[in-house]
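Student: I'd like to go through this one with you, a question at a time. Where do we start?

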Amino acid sequence: MKNLAYIFMIFGAVFLPLTAAADEPNEYMVNLESLNDSGVTGTAWITVTDGKYLTVEIEATGFEAGKLHPQHIHGLQKPPAKNSTCPTPEADADGDGIVSVGEGLPYYGPIILPLMPFDLVEDDGSLSYYATFTIRPNEFQPLHKRTVVLHGLTIDGTYVPSTPVACGEIFEVE
Ligand SMILES: [Cu+2]
């Protein structure tokens, strides 16, 4: 027992600082810009801690109030992971003036993580979201090749929950 304690003292002293460095959380950010003239803009922050906890925070405004706005991390499937981007107006393949969720797919790819729960947006059209997911090691990586997409828009008097209203590419914060 004495020997074990001695060994721990030596190796603990050597390895603890290294472990601390390796466990530095990875920080990412997203500038969410409007799609489909929704007026929705915002910022998202993503943190991966110990490689197994993914925390997402979103602050956004300009939503239609009292509606449920689905929000996801989207990505183009690997291997190798292509860079997922936000649709341009040219994505409107049928020319109806709206980039539908399907028309945006070639740009941002399928949903890889639904950011649940989808809360009702406040009366002032703002949304504050915070959640932590337990993930498998390296799940959803490379995050810097993913996007965050927010959805839900009334078109011709009908609320379409899937229509993208804001999008942003995830980038790593140094
Ligand atoms: Cu989505």
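Tutor: Let's fix the labels before anything else: helices (H or I, at least four residues) and strands (E, at least two) are DSSP runs, numbered from the N terminus. Also keep in mind that this is a predicted model.

Student: In what order do the eight strands line up in the open sheet?

Tutor: The pairing is antiparallel, and from one strand to the next the twist averages 25 degrees. The edges are strand 5 (111-114) and strand 6 (127-134), as each of them pairs on one side only. Reading across from strand 5, the order is 5-4-7-8-1-2-3-6.

Student: How many bridges join strand 3 to strand 6?

Tutor: Strand 3 covers residues 53-61 and runs antiparallel to strand 6. In this pair, isoleucine 58 stands opposite tyrosine 129 of strand 6. The number of bridges joining strand 3 to strand 6 is eight.

Student: And which residue of strand 3 does valine 48 stand opposite?

Tutor: Here we're looking at strand 2 and strand 3, an antiparallel pair joined by nine bridges. Across from valine 48, in strand 3, is leucine 54.

Student: Which residues make up the covered face of strand 3?

Tutor: In a regular strand the side chains alternate between the two faces of the sheet. On strand 3, the uncovered face holds Tyr53, Thr55, Glu57, Glu59 and Thr61. The covered face is made of Leu54, Val56, Ile58 and Ala60.

Student: Which residues have the most contacts inside the largest nonpolar core?

Tutor: That core has 30 residues. At least two come from each of strand 1 (26-34), strand 2 (41-49), strand 3, helix 2, strand 7 and strand 8. Among the contacts of alanine 166, leaving aside its neighbours within four places in sequence, are Leu32, Val40, Ala60 and Leu150. The ones with the most contacts inside the core are Leu32, Ala60 and Ala166.

Student: At about what angle does helix 2 run to strand 8?

Tutor: Helix 2 (residues 101-108) lies across strand 4 (71-74), strand 7 (147-155) and strand 8 (158-172). The buried residues of helix 2 pack against strand 4, strand 7 and strand 8. Between helix 2 and strand 8 the angle is about 10 degrees.

Student: Which residues are buried in helix 2?

Tutor: Gly102 and Pro106 won't do, as they are exposed, on the other side of helix 2. Buried means 20 or more other C-beta atoms within 10 Å. In helix 2 that gives Gly104, Tyr107 and Tyr108. They sit on the same side of helix 2 because the arc they cover around the axis is only 70 degrees, and that's the side of Gly104, Tyr107 and Tyr108.

Student: What is omega for the cis peptide bond between glutamine 141 and proline 142?

Tutor: First, a similar case: methionine 116 and proline 117 are joined by a cis peptide bond with omega of about -10 degrees, and proline 117 lies in the loop between strand 5 and strand 6. Proline 142 lies in the loop between strand 6 and strand 7. For the cis bond from glutamine 141 to proline 142, omega is about -5 degrees.

Student: Is aspartate 156 buried or exposed?

Tutor: You'll find aspartate 156 in the loop between strand 7 and strand 8, with a positive phi of about 50 degrees although it is not a glycine. A residue with 12 or fewer C-beta neighbours within 10 Å is exposed. Aspartate 156 has 7 inside 10 Å, so it counts as exposed.

Student: Where is aspartate 37 found?

Tutor: Aspartate 37 has a positive phi, near 50 degrees, in a residue other than glycine. With 10 C-beta neighbours inside 10 Å, it counts as exposed. Its place is the loop between strand 1 and strand 2.

Student: How far apart in space are aspartate 50 and proline 137, C-alpha to C-alpha?

Tutor: Aspartate 50 belongs to the hairpin of strand 2 and strand 3, where three residues lie between the strands, and has a positive phi near 55 degrees. Aspartate 50 counts as exposed because it has 10 C-beta neighbours inside 10 Å. In sequence, aspartate 50 and proline 137 are 87 residues apart. In space, the C-alpha to C-alpha distance is 8.8 Å.

Methods. Residues are numbered from 1 along each chain as its sequence is written. This is a predicted model: local features need pLDDT of at least 70, side-chain atom pairs count only at pLDDT 80 or more; totals for chains, interfaces and linings use all residues. Two strands pair if DSSP finds at least two bridges between them. Axes are lines fitted to C-alpha atoms, for helices over the stretch in contact, and angles run from 0 to 180 degrees between N-to-C directions. Two residues are in contact if their C-beta atoms, placed from the backbone, lie within 7 Å. A nonpolar core is a set of buried Ala, Val, Leu, Ile, Met, Phe, Trp, Tyr and Cys residues joined through C-beta atoms within 7 Å. The arc is that of the directions from the helix axis to the C-beta atoms.
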